[in-house]
Amino acid sequence: MKSNILIKLFFLGSSLMSVLMTVGQTFPSKGATNLGADSIVHVAYRNVQRKDLAGAISVLNPPQYLDKHYGTNPTEGMGAFIGGGNLWNLGAGLILVDGEPRALSDVTANEIEQITFLKGANAVVLYGARAANGVMLITTKRGRAGVHGSSVRVNTGINVPKSYPKYLGSAEYMSYYNQASLNDGLPAPYADSTIKHFADRSNPYRYPDVDYFSQAYLRRLYNTYSANAEFTSGTERARFYALAGFQSQNSLLNFGEGRNERNNRLNLRGNIDLKLNNFISTYVNVSTVFSNNRRALGNFWSQANNLQPQRFSPLIPIGMVAKNSPAAQASVKDSRNIIGGMYILGGAQQYLSNPVADVYAAGYDNFTSRQFQYTNGIDVDLRNVSKGLSFHGQMTIDYSNMYDETLNNSYAVYEPTWSGDSITQLVKYNKDSKPGTQNLSNTWSDQLIDFSMHLDYVNTFKDKHNVSAILMADALRRRQSRDFQYRTNANLGIQLGYNFDHKYYADFSGAVVNSTKLPARTRVAFSPTVSLGWVLSEEAFLRDVSWVDRLKLGASAGIINTDLDINSYYLYNAVYSPTAYFSWADGTYTNQATTISRGENLNLSYAKRKEVNLSIEGSFFKKKLALLTTLFFINKDGIPVQNYSQYPGYFFTTYPTTSFVPYSNFQADRYQGLDLQLNFHQDIGHVRFTLGAALTYVTTKAIKRDELYTDAYRNRAGKPIDAIFGLRSEGLFADQNDINAHATQKFGTVRPGDIKFKDQNGDGVIDERDEVMIGRWNSPLTGGVNLTAEYKGFTLFVLGTAYFGGAGIRNGGYYWVSGAAKYSEVVRNSWTESTKGSATYPRLTTTSGDNNFRYSDYWTYSTNGFNISKVQLTYALPGSVLKNSFVKGLNIYVSGNDLLMLGSNRRVMELNIGTMPQTRFYNFGVKGEF
């Protein structure tokens, strides 16, 4: 069926070409412009010269830096190259690959010619409502006329874990758990003699002390291999670019099915440009990605963080089973999982699975992902109709699917009974079963069809009056698994531009948007934007200033209607549904009822992004210093929410859950800040230095929220959008008198050593009404620096990234230790009577610890840091060495990623809990050009 659709679209495109072949003359195809130089920039539906580029747009050209800063991630180190690469933190931005909505993972840096970050409203408006959070426009490479060549790049690297979680061993755990019991007024459950057996480690199978992060189970490192080949050629009539890439990576697990874990990725791309005649050009882009990830069933990393070290030995030696115990020997004989001919799987009645047994015997999962992307376009110059007039059309079909193929086995575990160092009895739980049946699950598919066209007009009058215009239309239909209806996007757009002698600029751009998420009466809206520019360096008062090469000021403003904040369809309709609930008036029975989850609002409309931004672009000191900065002010108004505070309390109930409150355009947020990028070039002797720096500062504020707090300090309005709310701590309670003298804390039993919280409202009670802002999740200030030093054939590249102003919460089982959970190293400085003056951790408890383990500034930490993200040394063999060979160029390079983090909380930020660890990556690569 998919092939039939492709055939029909091909013939549709051919028919359109035939109709248009009667007019026009040669026009360069949309993808034909090669951006080896950065004089051309791709923006919405057109290409512009860099000198005519409006503000609030940043550009990366990977071919210019990929040889010195190699990586497959297209945005690696982005924050150190350009300001505003995070699209001002407005939300998830729209990612377009060759003009089509796709995922960043669909492309690698090798195949990209340019990445354009469209940040301002004027820059994104032609993409309609879907672009209100900003656009990352990725343009892939294409062939050029008269350029023939190929290149091959091969890399091999190692990934070295930064750190692992550190948990207490068995004996230490028992000692601290005894302390927790005593803190709760309970007897110590572990006798000193028992603790001694575990501490001696004389029999690690009877008295286990299991470290799941040791080299018994994990490699010191894992490997990554990659290779890609690029081919390009072209004439005036036909051009092509092709790429084939492959990457393979194993895992840290070094036993059982873990040794077979591997992630493989194959990606292919072909971009073709054809000049059909002197009037029409066409292009075809085809890309496909195949991914295959095999892993052991179960979740080793999650289970390893939860299972205490003393519970049982995951492996039981067969050699320790008593020869004079026929029943135990029979259990061994019956096992279908003899590990290495020496062990059977250990466990207990309450531990029927464990991370080691899963990897050895549970089977495996094979995740497969396949993506196919096809784009066909046509460009026609309509000069015969009017000078400067052209037509462009593009049609896309994308299809992807993924699924899990699993081989599920069940296995038995054995609980031993010991007599001295011999096992006299084995109790079996579960049974061994290897049915050999492969199961398919988690199937998912995504289908996209997009069609866009635009009529362009570009002309110059009297050599100085430059005008441009675009009239465009785009329609997209997308459907993913479990969607009840198509996801659609449709918009019309207009762009009118004028500049006088590339000195004074004016641009009006707008879009008519249509969203099926809204009722018919508000579904269509118009988004207007305007932009102005002034090249000051062309004025008489700056023209003769020798150190100013170019200085341009820009300003833009606009309103974009967006449905990105409308998270579902039909929110404007009232929703009624049947329900049943229990009542205990005269016995237990079920009541039938009809509930409503929201009221009707047929006036629900778009949220609006209202923006003003100012920009400065400059080049100074004979182009040694380049500057680009933008100051922006954005309000997002009318975000749809159910604003309960505007309605009487009887409009909603909690049991059964019922609400007559409709969605309305109530919520509002503010974003403001600036971005900046600087680049400096200087030759010192025979060394050429290039220094770049970038930063982005974004401060946010919640303007309107649905809230009715008695205490103003609890209001979310007026605080950052990503504010963290919790209690203020005042240390730990020293004794019972300290507790008695303090406000009553309502989060459970409070004992000496528990966290003391501040009574914000002075009512003598500590509860949720005492929560205040204790931090913000995101770092408002991000940025970085990059340094390049070139000497003869050597190039040294260093990249650093920084982030300031954010906070995190130390939470989860690793930091919030309660009950009989696994104890991490954080408990070593817990409160006791003898350590009350120096303790940095609350008292241990066998209960849930509700008083202590909640959001408060006791657990917050600063995420400020500077990371040396990349160092690469490259050597290019001189041409004199290669002049008599078929090799045109040869680069050899070594690099390291994430080499060093500087920050007061580095250990916390570099630690992953429940997942694979963060790693430092060391790579060796070779690139040859032919």
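In this predicted model, strand β31 (residues 663-684) runs antiparallel to strand β32 (residues 687-704), and 17 bridges join the two. One of the facing pairs puts glutamine 682 opposite phenylalanine 689 in β32. The two strands make a hairpin with two residues between them. Glycine 685 sits in that turn, with a positive phi of about 65°.

β31 has another partner too: strand β28 (residues 625-642) is joined to β31 by 16 bridges, again with the strands running antiparallel. Here valine 641 has serine 664 of β31 as its bridge partner. Moving on from β28, the next strand to look at is β27, which pairs with β28 in the antiparallel sense over 13 bridges. Glutamate 617 faces leucine 628 of β28 in this pairing. β27 and β28 also form a hairpin, this time with four residues between the strands. Phenylalanine 621 lies in the turn and has a positive phi of about 55°. Then there is strand β24 (residues 548-562), which pairs with β27 (residues 607-620) over 14 bridges, in the antiparallel sense. Glycine 554 stands across from serine 615 of β27. Followed from one pairing to the next, the trail goes from β24 to β27, from β27 to β28, from β28 to β31 and from β31 to β32.

Earlier in the chain there is an open sheet of five strands, set out in the order β3-β6-β7-β4-β5, with mixed pairing. β3 (57-60) and β5 (100-101) stand at the edges; each has a single partner strand, so one side of each is left without a neighbour in the sheet. Within this sheet, strand β6 (residues 112-118) and strand β7 (residues 135-140) run antiparallel and are joined by six bridges. Isoleucine 115 is set opposite isoleucine 138 of β7.

The loop between β4 (94-97) and β5 holds aspartate 98. This residue has a positive phi of about 50°, although it is not a glycine. Is aspartate 98 buried or exposed? With a relative accessibility of 11%, aspartate 98 counts as buried, because the cut-off is under 20%. Arginine 201 offers a second case of a positive phi in a residue other than glycine, with a value near 55°. The loop that holds arginine 201 runs between α6 (192-200) and β9 (222-234). At 55% relative accessibility, arginine 201 counts as exposed, since the cut-off for that is over 50%.

Further along the chain, phenylalanine 725 belongs to strand β33 (residues 723-726). Phenylalanine 725 is buried, with a relative accessible area of 10%. Which residues does phenylalanine 725 touch, leaving aside its neighbours within four places in sequence? The contacts are Tyr713, Arg714, Asn715, Arg716, Lys719, Glu771, Val772, Met773, Ile774 and Tyr855. As for valine 772, its C-alpha is 5.2 Å from that of phenylalanine 725, with 47 residues separating the two in sequence.

Glycine 849 is found in the loop between β41 (807-809) and β42 (860-862). At 8% relative accessibility, glycine 849 counts as buried. Between the C-alpha atoms of glycine 849 and glycine 812 there are 13 Å, while along the chain these residues are 37 apart.

Now for the whole picture. The protein chain has 13 helices and 45 strands. A compact globule of 930 residues would have a radius of gyration near 30 Å, and the protein chain, at 33 Å, agrees with that. Along its principal axes, the C-alpha trace spans about 100 × 80 × 65 Å. Of the 930 residues, 50% count as buried. Of the contacts between residues at least 6 apart in sequence, 72% join residues at least 24 apart.

The accessible surface of the protein chain comes to about 42000 Å², and carbon and sulfur atoms account for 56% of it. As for charge, the protein chain carries 91 positive and 75 negative charges, and the mean positions of the two sets are 5 Å apart.

Definitions and conventions. Residues are numbered from 1 along each chain as its sequence is written. This is a predicted model: local features need pLDDT of at least 70, side-chain atom pairs count only at pLDDT 80 or more; totals for chains, interfaces and linings use all residues. Side-chain values use heavy atoms; hydrogens and water are left out. Two strands pair if DSSP finds at least two bridges between them. The radius of gyration is taken over C-alpha atoms; the globule rule is 2.2 Å times the number of residues to the power 0.38. Buried means under 20% relative accessible area, exposed over 50%, partly exposed in between (1.4 Å probe, protein chains only). Contact means heavy atoms within 4.5 Å. Accessible areas come from the Shrake-Rupley method with a 1.4 Å probe; for residues, only the protein chains shown count as cover. Lys and Arg count as positive and Asp and Glu as negative; His and the chain ends are not counted. The place of a charge is taken as NZ of Lys, CZ of Arg, CG of Asp or CD of Glu.
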